[in-house]
Amino acid sequence: MSALQVRRLWKEYGRQVVLENISLDVESGEFVTIIGSSGCGKTTFLRILLGEERQTRGEVLLDGKPLPDEPGPDRGVVFQKYSVFPHMTALENVMVGEEFAGAPLTARLFGKARRETRQRALDMLAAVGLGNAGDKYPSELSGGMQQRLAIAQALMRRPRILLLDEPFGALDPGIRSDMHELILDLWGKLKLTIFMTSHDIKESFYLGGRVIVLDRVRKDPHEPELYGARITYDLPLRRGRDARTAPPGSGAETAV
Amino acid sequence: MKRLINLRPERGLSIALGALPFVIVLAAYVAASAARLAENPDDKLLPSLAKMAGTFERLATEENRRTGEVLLWVDTGASLMRLFMGVAISMSIGLVFGVITGLIPYVQRTLSPLVKVLSMIPPLAVLPILFIALGVDELSKVVLIVFGIAPFITRDVQQRVEELPVELLIKAQTLGASTWQLILRIVLPQVVPRLLDATRLALGAAWLFLIAAEAIAATEGLGYRIFLVRRFLDMDVILPYVAWITLLAFALDLALRLVNRVAFPWYGAGAAR
């Protein structure tokens, strides 16, 4: 069964239509990238999946059940910025998810539970390449390291889907390609289901196992708000996570 | 010649420039005082620095023959006690109500209009009500301070909470945080340093209300003393007292700033925000 099903979803703000008639099935383990020009509604779509906003029509099912209309631990997220807590060290940032789960009243773990969580958090930090930055505050980390930390933090709760909202948009090109390798590596190892928005076509085709293009097809010059964006292309690139060795720009991108 | 806006004094010169107005004011005072005293050695309006120092030393060391108390310390203790109680209560109110009104829409809709109206009432106008309702003891003075600064602190904290990036609150929810956990681990730690900043700004008003209340009804306290000796034109008491109050206010402000810097090293680093 599909992990995520979107059935005829519409999003309207008053008279303004943002998304129209979006339908989508995503299998568990897929890496889906959504591209579209800025303002085309891809962030709105992600926010609906996140539970931050609610669709006006249609439904979204996660594992066959309607999506709760508030954010929860079944959906992890990494934003472009403000993704980590500035008042916690890197290690605390990664530990805090399990502390929420394990201590409803104090949101802090003690003794053995704390030591175990700490070890898992250290392992996760090492997995994203932040092995010796555990006691640093986010303000002491570079932009790329902050995003690594945000990913580690999101993965600790083992979310059913991981939502990435232009996570690498603010990074330098070199650091960006490091992050691409990291996220592909994690996707393969941890069998993640990833949903990522981007306005970078190259990035979308390189990372995504499936690329979805959002665009406004119908345009009324007198009333530009009348029609929303829909899925104009849904491209399964059919590249399993084992076949992922092609460098950017060589494979499916040119084929398409 | 560079433009005036591009000329910057060096460090040593900066300090000298900062000290200059103080030196001028002091010199002007000394000259004016000397001129008046030359005309009339019993002049009370502009006492000499030596006379003020002597009076201050007497106030700070000489025990009252009946009670054995030293005036300055009794006054300082009484005033600071009132100020601390008023400020501490205001901070607690401000933190609790600021956080829940800033974070929980239902509470915000319920309490926000009330807080807005309360903060519009001139606190000194309710002082008579406080005296009537609570008597002229400590309680009414502390309540006046609370009435004067708690709404300000509450609104400031509320604003800080509303300014927290929505991404942080969403992220915490995707990590499974309940409202309570969100407050405990995300909102409170980030708002406490801002609470201390708001308190620093409110301290000036707190002193104002304290001295006003003491001037009207008290039996000891810094404000009480100033207004008491005013009747005898005792400028040699009033001026050192004003300087002493200023020093205390400055020390409190400095202490709050130090607490912020030491206890919240991430605060003000800024880059992560």
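## Domains of chain A

Domain bounds here come from an automatic or database domain assignment. The model is a predicted one. For chain A, the assignment gives domain 1 as 1–74 + 159–256. Domain 2 of chain A covers 85–157. The C-alpha centres of these two domains of chain A are 27 Å apart.

Contact between the domains of chain A involves 13 residues of domain 1 and 9 residues of domain 2. On the domain 1 side, helix α5 (residues 173–190) of chain A supplies the largest share, 6 residues. That side of domain 1 is made up of 12 nonpolar residues, no polar ones and 1 charged.

## Overall form of chain A

Chain A contains 7 helices and 10 strands. Its radius of gyration is 19 Å, and the globule rule gives 18 Å for 256 residues, so chain A is as compact as a globular protein of that length. Along the principal axes, the C-alpha atoms of chain A fill a box of roughly 60 × 45 × 35 Å.

Of the 256 residues in chain A, 43% are buried. Take the contacts in chain A between residues at least 6 apart in sequence: 68% of them join residues at least 24 apart.

## Positive phi in chain A

Two residues of chain A deserve a look at the backbone. Asn21(A) has phi near 55 degrees, a positive value in a residue other than glycine. Asn21(A) sits in strand β2 (residues 16–26) of chain A. It has 14 other C-beta atoms within 10 Å, so Asn21(A) is partly exposed.

Glu166(A) also is not glycine, and its phi is positive, near 45 degrees. Glu166(A) lies in the loop between β7 (161–165) and α5 of chain A. Here 20 other C-beta atoms fall within 10 Å, so Glu166(A) is buried. The cut-off for a buried residue is 20 or more.

## Where chain A meets chain B

The contact draws 28 residues from chain A and 23 residues from chain B. On the chain A side, β6 (75–78), α2 (90–102) and α4 (143–155) of chain A each give two or more residues. Of the elements on that side, α2(A) gives the most, with 4 residues. By type, the side of chain A that touches chain B has 17 nonpolar, 7 polar and 4 charged residues.

## Two kinked helices in chain B

Helix α4 (residues 105–120) of chain B has 16 residues. From first C-alpha to last it reaches 22 Å, close to the 22 Å expected at 1.5 Å a residue. Yet α4(B) has a kink of about 40 degrees at Leu111(B), shortly before the proline Pro113(B). The helix α4(B) is hardly covered: 0 of its 16 residues are buried.

Helix α8 (residues 179–216) of chain B falls short of a straight span. A straight helix of 38 residues would span 56 Å at 1.5 Å a residue, but α8(B) spans only 46 Å between its end C-alpha atoms. A kink of about 45 degrees lies at Val187(B) in α8(B). The proline Pro189(B) follows shortly after that kink.

## Thr179(B)

Thr179(B) is placed in helix α8 of chain B. Thr179(B) has 12 C-beta neighbours inside 10 Å, so it counts as exposed. The cut-off for an exposed residue is 12 or fewer. In sequence, Thr179(B) and Tyr241(B) are 62 residues apart. In space, C-alpha to C-alpha, Thr179(B) and Tyr241(B) are 49 Å apart.

Conventions: Residues numbered from 1 in each chain as written. Chains lettered and ligands numbered in written order. Predicted model: local features only at pLDDT ≥ 70, side-chain atom pairs only at ≥ 80, totals over all residues. Contact = placed C-beta atoms within 7 Å. Nonpolar A, V, L, I, M, F, W, Y, C, P; charged D, E, K, R; others polar. Expected span 1.5 Å × (residues − 1). Bend = angle between axes of the 7 residues up to and from the residue. Rg over C-alpha atoms; globule rule 2.2 N^0.38 Å.
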